[in-house]
Number of protein chains: 2
Amino acid sequence: MAGSREKKRDPKASLALLWGEQEQPRRGPKPSLTAGRIVAAAIEIADTEGMDAVSMQRIAAELDVTTMALYRYVPGKAELIDLMVDSALGTPATTDGIPDDWRSRLTDWARQCWAKYRRHPWILTATAMRRQLMGPNQLAWLDAALAALSRTGLPAAQQHDAFLLIVGHIRTLAQQSAAADEAGEEEWNRLEADVLERHGHRYPALTAAITAGAFAPQQGDPLDFGLERILDGIAALADRA
Amino acid sequence: MAGSREKKRDPKASLALLWGEQEQPRRGPKPSLTAGRIVAAAIEIADTEGMDAVSMQRIAAELDVTTMALYRYVPGKAELIDLMVDSALGTPATTDGIPDDWRSRLTDWARQCWAKYRRHPWILTATAMRRQLMGPNQLAWLDAALAALSRTGLPAAQQHDAFLLIVGHIRTLAQQSAAADEAGEEEWNRLEADVLERHGHRYPALTAAITAGAFAPQQGDPLDFGLERILDGIAALADRA
DNA sequence: CAGAAACTGTTTATCGAATACGCAGTTTCG
DNA sequence: CGAAACTGCGTATTCGATAAACAGTTTCTG
């Protein structure tokens, strides 16, 4: 959470890198790296130690070069993060074997997307509060979701809204699960329980919910509840039309 | 997006501050500040210039003290952020005049919450990927939502799930709107349009959706679509039971 | 009331991070 | 061959968070 010592993001450069629209150098020493290797190293670090551990110095160390060497391949950290996200998302799997109705397709899509977020929780931070720069992979995910949604017969604008709704749900889960994985979870729970012991009377509904086990760990995929509700809601709308 | 030069968050200290469980000093000079004033200054900065502008030095400057003076009142930046969030959320308004059914109550709740996120978009970043430390206000919001949800008759665990679903939707909108407010929005759109011009054929559903106006600016409250779907989905479930 | 004790704001010093700049060596083209 | 286009790298700058130590201020205590 330290300050932003960086220059602004250069979307043009990010896009060029995302789409591989870089001219190959014709002279000079052979590059010892590629943007791809840098991105892969950064993702590796983010996966294992979280986004906070991703620094230019750290990536460089991982690749056995000096920090500044990286800047020959990516314009800056902001652009690197754009690349990380698109790369980590990868391509959605084919829909082979999935029934050809919108609900099955969307469910499958959501499961896959959720899997990606679980594998790379840092995607959440990496994309929070920033305009998304759609790379090839991100566009593929969007396309897949819209392909399913188009079968609902809903107006295009609502298809987009529905897409956001589902992504939002997945991101909420990612947030929850990232928070739960934080260190010292037990201590935190104990502290909060303590607080509620002392102030719980001010929160009757909450107290009742806790007593009823609303916050007990659940079994089953946390994705399901919300996804079912959303799809039910969309179905109701689609049927109405 | 710079590194984390801070020590870990101290939840105990945050909670003590959140609940005002601090012992008042009995000796020494009169304190010239309070945690509250620091938090207010930080929120002011975040509101007008975004979270990135919130640095200890900046807050101190705003309050006409040295940076280190702040550390007499808050243990560190992480704890300060906890306080900022709870303070910015404030208390949910009373439900006077809102019909006493769960759907109306939840709709009202969601609108209020969405208003808070719109006023303080940085809450999104401030709470991303971190375990939430529930302060008095955050608990009040949670309590209010659960009070409404309890009238659905759903099991407690599902009430919690439903709560997350709604908050998730609100946060998605906040994310969207924050991204849209970023500088250079037009240039970005132009660049993306360019890309699609060149690669659009790989994304038929997306191309179709764009043509159909899926991404055109919409009128009306963006909250509504998703909220209606979610509530419809919840209603369907509640009716079934 | 004299210290001691508990505080306060401040100064100074580290350390981590991003990244601008310029240098020396490497390749390739005219 | 020599300039041009590159590459990796050492150096320096700037910001941010925060630790440590210091000097002045109040309030107790004996």
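Visitor: Which residue of chain A comes closest to the rotation axis?

Guide: Let's start with the general idea. Two copies of a chain are related by a rotation about an axis and a shift along it. In this predicted model, the residue of chain A that comes closest to the rotation axis is Gly233(A), with its C-alpha at 2.2 Å.

Visitor: What turn and what shift lay chain A on chain B?

Guide: A turn of 180 degrees and a shift of 0.0 Å along the axis do it, with an RMSD of 0.0 Å. That is the relation of a two-fold axis. Both copies use the same surface, too: 100% of the contact residues of chain A recur in chain B.

Visitor: How many residues does the contact take from each chain?

Guide: In general, the size of an interface is often given as the accessible area lost when the parts come together. Here we can count residues instead: 70 come from chain A and 71 from chain B. On the side of chain A that touches chain B, H8(A) gives the largest share, 17 residues. That side divides into 37 nonpolar, 19 polar and 14 charged residues.

Visitor: And how many helices and strands does chain A have?

Guide: Chain A has 11 helices and zero strands. Its C-alpha trace spans about 70 × 50 × 30 Å along the principal axes.

Visitor: What percentage of the residues in chain A is buried?

Guide: Of the 241 residues in chain A, 41% are buried. Sequence separation adds to the picture: among contacts in chain A between residues at least 6 apart in sequence, 74% join residues at least 24 apart.

Methods:
Residues are numbered from 1 along each chain as its sequence is written. Chains are lettered from A and ligands numbered from 1 in the order in which they are written. This is a predicted model: local features need pLDDT of at least 70, side-chain atom pairs count only at pLDDT 80 or more; totals for chains, interfaces and linings use all residues. Helices (H or I, at least four residues) and strands (E, at least two) are DSSP runs, numbered from the N terminus. A residue is buried if 20 or more other C-beta atoms lie within 10 Å of its own, exposed if 12 or fewer, and partly exposed in between; C-beta atoms are placed from the backbone. Two residues are in contact if their C-beta atoms, placed from the backbone, lie within 7 Å. Copies are superposed by least squares on the C-alpha atoms of residues with pLDDT of at least 70 in both. Ala, Val, Leu, Ile, Met, Phe, Trp, Tyr, Cys and Pro count as nonpolar, Asp, Glu, Lys and Arg as charged, and the others, Gly among them, as polar.
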